[in-house]
Amino acid sequence: MEPLVKVRNLKKYFTVQASMFGKPRAVVKAVDGVSFDIHPGETLGLVGESGCGKSTTGRLILRLLEPTAGEVFFNGRNIFDASAAEMRNLRREMQIIFQDPYASLNPRMTVGQIVAEPLRVFNLAAGAELEKRVRELLSCVGLAGYHARRYPHEFSGGQRQRVGIARALATNPKLIICDEPVSALDVSIQSQVLNLLKDLQKEFGFTYLFIAHGLNVVKHVSDRVGVMYLGQLVELAGDDELYGAPLHPYTRALLSAVPVPDPKVKKERIILTGDVPSPVNPPDGCRFHTRCFRCMEVCRRRPPEFREARPGHWVACHAVEGD
Amino acid sequence: MDNLLLNVEDLKTHFFLDDGVVPAVDGVSFHLRKGETLAVVGESGSGKSITSLSIMRLVPAPPGRIVGGRITFAGEDLLAKSEKEMRDVRGNRISMIFQEPMTSLNPVYRVGDQIAESLVLHKRMKKKEALEQAVEMLRLTGIPSPEKRVRDFPHQMSGGMRQRVMIAMALCCQPELLIADEPTTALDVTIQAQILELMQELQRQMNTSIILITHDLAVVAEVADRAVVMYCGKVVEEAPVAELFENPLHPYTRGLLNSIPRLDENVDRLFMIDGVVPNMLRLPPGCAFAPRCPEAREHCRETAPRLTRVAPGRLVSCLLVEGGAA
Amino acid sequence: MAELAKATVETAEIDELHSPLREFWRRLSKNKLAMVSLVFLLGLTLVALFAPYIAPYDPINGIMEESLQAPNAKHLLGTDELGRDILSRIIFGARISLRVGLLAVAIALSVGTVLGSIAGYYGGKIDLIIMRFMDIMLSFPSLLLAIAFMAVLGRGVENAVIAISIVTMPEYARIVRGSVLSVKENEYVQAARAIGNRDAAIIFKHILPNVMAPIIVRGTLGISTAILETAALGFLGLGVQPPDAEWGTMLGSGRGYLFNAPHLVYFPGIAITLTVMAFNLLGDGLRDALDPRLRQ
């Protein structure tokens, strides 16, 4: 099956302007050579700690940011070649749900206006038809028609997130990028929103790129999961494979660090030493070698290749080579 | 009770807003023994943070005010103390760690000076002596080359480092009680694991009691001895952690536990607690959880339950449980 | 499918509908000083609108025999050196002062908003050029700059308005740019882009409505600055030309009689002070009422 999205060697460097004359002082390598595919109808999870570049990757795929290098093919078309007008049309096909339900809705617009906006922009509906469609969308996400007249500040976090989801559904897109959609929500509300996203996928056949830092959340929703560290993908595998038999030492440490909601389980924990190094000056060789418990000589010198170690299981680690 | 360090009895902290009175903390009682870790669990708006601010007597006033109850700390009534006496307690005998390591350190002072400040204030140390002690504290919290880092400004440190500095600051006067308000929520999982480990290690060394305020039941399972679950300003359940997870009595606790996606399980749909947290200005009569409770009966909507002891160390506030157990 | 998820929200109780505008009014009406100022300014506006019907005497042609009278029953605020009724002149002066204030601010605000939002939204070189230019203008004392413009444009009310709007414009541009910079970081602006909006739609629909609060506040305070500057230009003989009644001009021509007929300067002075104070208090009230941090 042809992938819906093909990401090839994607890079995004941010220049930090520090000198008086506007010369770039430092370059933050937020995303540094990431490649993967997203298949139609699947949910690809993307996990990693803050600053690993997972959100930047999501925004590059929507071209909300311009890349430094690399390509993103959507349905076989390189979106970075698209003109402004073509890009606007492509945006019908790809939408995003943001992390912060407080910041992602314009406080001066009613919920109805917010949900109607994409329909208006693409001239998909007008008048009574538009109103009907807005009501449908709201009911899809579990809100009532009369909520359309309300303003975002009258809603709780979970309800606002539903509004954000309704807006993303409006143009009936193929791809929805979920950028930490539940991490700002309370536990009891998280499960409501996760179930809603799953239900909608079943009904409309959306493809999701699900970005999150909570490994348990990602496991619950994803078919395949990619793990990022310092701007690079270190491991990518099917859900069960990645959580059941992780290959990369970072993935293993990450998984072991997740606290278990069961006091009887006392698991062997790999506690990583130190912090994530700055993406301004990432370590040479393998980027993880400074914190790795399996670090070898070669790891300091040569960056490992991202390769298919087992069928469908990609990893970038020298230590896995022997397996 | 032996070893009792803190006893909170029927604490009521209300907020007087233009639109009405919010009973943020409404009749909360719990106790804490020496060397124990008590988790106060709840979602946003449950009143867990206001409870901790009430113990510190740092409730923003106006609009907040402690309107009733008693807080006894090491035999002394905290609510009867003057502001001046409270200042001797804060940072010295009871100290606090906040969620946001970015904003809880003052950006214009070196971290060493910020740690030394409370030593100079509370332990009457000379500045030089206090700075030496600050280096020791940074070493204790596992910061590499503390002699150098003591001269760093907060922005030169990562989030995890800053949280270590916060812990160093909180523990430098060897407080009897440490209140940690969501200490790891803003941190990544690998850093969270480090910080939780560090807090437990320091607790063993200093025999400090800890109140851990959190929304994350997994963290509770990892570090706490006992837990108090709060909902809408009230305690709904109290239990030793092992028993709470083994056999949660309150439907809310059960719902919370079941709605966490787990790494060791594959389920298609997560358990959900329906609805949203009610508006604190218009709490429903009867049990505040009743509108969302899958098991609620008619009388749950009319009669407010009281926190009742159902087994040694186990308290629950639910009409259904009382009916069965009492 | 979403049955369960759907059911969840029906139980949620949401407060009765209240629009931001009503919320804003509720908060503003609690501020007594701001409300008093608002009433005063509305009254002043009515007085200015209906000046010919309210003023007891002709403001331009005085009665020489009655010159320099102290306040009395016939002339409540006295008369000036040409026998003109001061109350009438102040009433007519309100027309000019208010018009100049509102007009200057309206011009400065619109130009400043456009420049500031372009600079803030696009950033980079455009931002650099616009803002350096604004900085240069801000580095002169505004009155001095206004006088320089008057020297080029010539005397008169219209030119005073133009000069004042030019010299106050950079400040609005700056405020707008700053607010745009912070608002554009909000995710709803990203969301607007993700939906496929054009830049103009994003600026006008999503960014500007969210920066209006500080602009309105600054604009209200700016009216008082404009009134003061008009008065200053009038005082210096550059603004409104005699015999037209304008508060600053009245102050300027009355200063020669400061010792024997102080009412010539007192009353226009009081008029300026009260009006400026009212605009400032109203501006403060607006700021408090519009401040999103105070909202829950």
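The following paragraphs describe strand pairing, helix packing and chain contact in a predicted model.

In chain A, eight strands form an open sheet with mixed pairing, in the order S6-S7-S8-S3-S9-S10-S12-S11. Strand S6 (94-97) and strand S11 (307-310) of chain A are the edge strands, each pairing on one side only. From one strand to the next, the twist averages 25°. At one end of this order, S11(A) is joined to strand S12 (residues 313-315) of chain A by three bridges in the antiparallel sense, and A:Arg307 is placed opposite A:Val315 of S12(A). Helix H1 (residues 54-61) of chain A lies across four strands of chain A, namely strand S3 (43-47), strand S7 (175-179), strand S8 (207-212) and strand S9 (224-229). The direction of H1(A) is at about 150° to S8(A).

Chain B also contains an open sheet of eight strands with mixed pairing, for which the order is S6-S7-S8-S3-S9-S10-S12-S11. Its edges are occupied by strand S6 (94-97) and strand S11 (308-311) of chain B; each has a single partner strand, so one side of each is left without a neighbour in the sheet. The twist in this sheet averages 20° from one strand to the next. Within the sheet, strand S3 (residues 37-41) and strand S8 (residues 209-214) of chain B run parallel and are joined by five bridges. B:Val40 faces B:Ile213 of S8(B) across this pairing. Helix H6(B) packs on the sheet, where H6(B) touches S6 and strand S7 (177-181) of chain B. The direction of H6(B) makes about 175° with that of S6(B).

Further pairing in chain B involves strand S1 (residues 4-17) and strand S4 (residues 64-73), which are antiparallel and share eight bridges. B:Leu6 has B:Phe73 of S4(B) as its bridge partner. S4(B) pairs in addition with strand S5 (residues 76-77) of chain B, in the antiparallel sense and over two bridges; here B:Phe73 stands opposite B:Glu76. B:Phe73 is thus placed opposite B:Leu6 in one pairing and opposite B:Glu76 in the other. A hairpin is formed by S4(B) and S5(B), with two residues between the strands, and B:Ala74 in the turn has a positive phi of about 50°.

The contact between chains A and B draws 36 residues from chain B and 35 residues from chain A. On the chain B side, two or more residues each come from helix H6 (159-171), helix H7 (189-206), helix H8 (217-223), helix H9 (241-246) and helix H10 (251-258) of chain B. H7(B) contributes the most to this side, with seven residues. The side of chain B that touches chain A comprises 21 nonpolar, nine polar and six charged residues. H6(B), one of the contributing helices, is also the helix that packs on S6 and S7 of the chain B sheet.

For chain C, an unreviewed UniProt entry places the feature "transmembrane region" at residues 33-55, 102-124, 136-154, 215-240 and 264-283. In the model, residues 33-55 of chain C are 91% helix and 0% strand, with the end C-alpha atoms 28 Å apart. Residues 102-124 of chain C are 96% helix and 0% strand, and their end C-alpha atoms are 33 Å apart. The unreviewed UniProt entry also gives the feature "domain: ABC transmembrane type-1" at residues 94-283 of chain C. That span is 84% helix and 0% strand, and its end C-alpha atoms lie 19 Å apart.

Two helix pairs of chain C illustrate the packing. The axes of helix H3 (residues 32-49) and helix H12 (residues 263-290) of chain C come within 8 Å and cross at roughly 135°, which makes H3(C) oblique to H12(C). The crossing is left-handed. C:Leu33, C:Ala34, C:Ser37, C:Leu38, C:Phe40, C:Leu41 and C:Leu44 of H3(C) make the contact with C:Thr275, C:Ala278, C:Leu281, C:Leu282, C:Asp284 and C:Gly285 of H12(C). By class, these residues are nine nonpolar, three polar and one charged.

The axes of helix H7 (residues 142-153) and helix H8 (residues 157-184) of chain C come within 9 Å and cross at roughly 140°; the two helices are therefore oblique to each other. Their crossing is right-handed. Among the residues in contact are C:Phe149 and C:Met150 of H7(C), and C:Ile162 and C:Val167 of H8(C). The contact of H7(C) with H8(C) has 11 nonpolar, three polar and no charged residues.

Notes. Residues numbered from 1 in each chain as written. Chains lettered and ligands numbered in written order. Predicted model: local features only at pLDDT ≥ 70, side-chain atom pairs only at ≥ 80, totals over all residues. Axes fitted to C-alpha atoms, helices over the stretch in contact; angles between N-to-C directions. Parallel < 35°, antiparallel > 145°, perpendicular 65-115°, else oblique. Left-handed = near helix turned anticlockwise from the far one by under 90°. Contact = placed C-beta atoms within 7 Å. Nonpolar A, V, L, I, M, F, W, Y, C, P; charged D, E, K, R; others polar. UniProt positions renumbered as here; feature names shortened; annotations may be inferred. Pairing = 2+ DSSP bridges.
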